[in-house]
Amino acid sequence: MLRIEYADYEALRAHGEETYPNECCGVLLGKNIAGEGNSAGTINHVQQIVRAGNTRTDSAHNRYNIAPQELVKIQRQARGLGLDIIGFYHSHPGTEPEPSARDLAEFSYAGHLYAIVSLRVEPAEVRLFRYDAGNFHRVSFVTVA
């Protein structure tokens, strides 16, 4: 079972609401803990989220991009904290929190988590997925204090 800090869960929702009607995006930091959880033998614990700027200027309402320079900066920040980049997040301002065909085509790093924040309902809904074997698979999670 994946764990996410409650404050970070709330921050995901808030980020989506703040950037509406455009998509928000960011990075999930945590640690892979051997010997627990899923079939891969690891469990991810999302310990921190890092907001990133959406650099899309042509269609920010339904697409996102994180600048490579910003991603390198976040990776260095993670290492300094003893954490790993374990995934990414973005919002779907007007659709369900399910991966789109575009998400599959453009943002698919094997083994990484993807959180999608949907603003179709209030409060915003968050779902988590893991990308493996060419597709996104929904991941159950619990929030922890």
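## Exercises on a predicted model: core, helix H1, aromatic pairs and salt bridges

Leu12 makes contact with Ile4, Leu28, Ile49, Tyr89, Ala115, Val117 and Val126, when residues up to four places away in sequence are left aside. The exercises below start from this residue, and they concern a predicted model.

### Exercise 1. The nonpolar cores

Determine how many residues the largest nonpolar core has, and which elements give two or more residues to this core.

*Solution.* Step one is the size of the core: the largest nonpolar core has 18 residues, and those with the most contacts inside it are Leu12, Leu28, Val46, Tyr89, Leu113 and Ala115. Step two assigns the core to secondary structure, where two or more residues come from each of strand E1 (2-5), H1, strand E3 (42-52), strand E4 (84-92), E5 and strand E6 (125-132). Step three looks at the shares, of which the largest, three residues, is that of E5. Step four turns to a second, separate core, which has 16 residues and includes Cys25, Ile74, Leu83 and Ile116.

### Exercise 2. The two faces of helix H1

Establish which residues of H1 are buried, and which exposed residues lie on the face turned away from the buried side.

*Solution.* Begin with the length of the element: H1 has 14 residues and spans 20 Å from its first C-alpha to its last, close to the 20 Å expected at 1.5 Å a residue. Next, list the buried residues of H1, which are Asp8, Tyr9, Leu12, Arg13, His15 and Gly16. These residues cover an arc of only 155° around the axis, and they therefore lie on the same side of H1. Finally, consider the face turned away from this buried side, which carries the exposed residues Ala7 and Glu18.

Within H1, a salt bridge joins Glu10 and Arg13, whose closest N and O atoms are 3.8 Å apart. Because Glu10 and Arg13 are three residues apart in helix H1, about one helical turn separates them. The two partners can then be classed by accessibility: Glu10 is partly exposed at 26%, whereas Arg13, at 15%, counts as buried.

### Exercise 3. Aromatic pairs

Classify the pairs Tyr9 with Phe141 and Tyr114 with Phe136 by ring geometry, and state which elements each pair links.

*Solution.* A pair of aromatic rings is described by the distance of the centres and the angle of the planes. The count for the structure is four aromatic pairs. For Tyr9 and Phe141, the centres are 5.9 Å apart and the planes stand at 40°, which makes the pair tilted, since stacked requires under 30 degrees and edge-to-face over 60. This pair links distant parts of the chain, with Tyr9 in helix H1 (residues 6-19) and Phe141 in strand E8 (residues 141-144), 132 residues apart. Tyr9 counts as buried at 14% relative accessibility, while Phe141, at 23%, counts as partly exposed.

For Tyr114 and Phe136, the ring centres are 5.1 Å apart and the planes meet at 90°, so this pair is edge-to-face. Tyr114 lies in strand E5 (residues 113-118) and Phe136 in strand E7 (residues 135-139), so the pair ties together parts that are 22 residues apart in sequence. Both rings belong to buried residues, with relative accessible areas of 3% for Tyr114 and 11% for Phe136. As a last step, place this pair in its surroundings: Phe88, Tyr114, Tyr131 and Phe136 form one aromatic cluster.

### Exercise 4. Salt bridges across the chain

Find how far apart in sequence the partners are in the salt bridges of Lys31 with Asp84 and of Glu106 with Arg63.

*Solution.* Side chains of opposite charge can pair when their charged atoms come close. A search of the whole structure finds eight salt bridges. In the bridge of Lys31 with Asp84, the closest N and O atoms are 3.7 Å apart. The pair links distant parts of the chain, Lys31 in strand E2 (residues 25-34) and Asp84 in strand E4, 53 residues apart. Lys31 is partly exposed at 33% relative accessibility, and Asp84 is likewise partly exposed, at 29%.

In the bridge of Glu106 with Arg63, the closest N and O atoms are 2.3 Å apart. Glu106 lies in helix H3 (residues 101-106) and Arg63 in the loop between E3 and helix H2 (68-80), so the pair ties together parts that are 43 residues apart in sequence. With 33% relative accessibility, Glu106 counts as partly exposed. To complete the exercise, note that salt bridges with shared partners join Glu98, Glu125 and Arg127 into one network.

Key:
Residues are numbered from 1 along each chain as its sequence is written. This is a predicted model: local features need pLDDT of at least 70, side-chain atom pairs count only at pLDDT 80 or more; totals for chains, interfaces and linings use all residues. Side-chain values use heavy atoms; hydrogens and water are left out. Rings of Phe, Tyr and Trp (its six-membered ring) pair if their centres lie within 6.5 Å; planes under 30 degrees apart count as stacked, over 60 as edge-to-face and the rest as tilted. Helices (H or I, at least four residues) and strands (E, at least two) are DSSP runs, numbered from the N terminus. Buried means under 20% relative accessible area, exposed over 50%, partly exposed in between (1.4 Å probe, protein chains only). A nonpolar core is a set of buried Ala, Val, Leu, Ile, Met, Phe, Trp, Tyr and Cys residues joined through side-chain atoms within 4.5 Å. Contact means heavy atoms within 4.5 Å. The expected span of a helix is 1.5 Å times one less than its number of residues. The arc is that of the directions from the helix axis to the C-beta atoms. A salt bridge is a side-chain nitrogen of Lys or Arg within 4 Å of a carboxyl oxygen of Asp or Glu.
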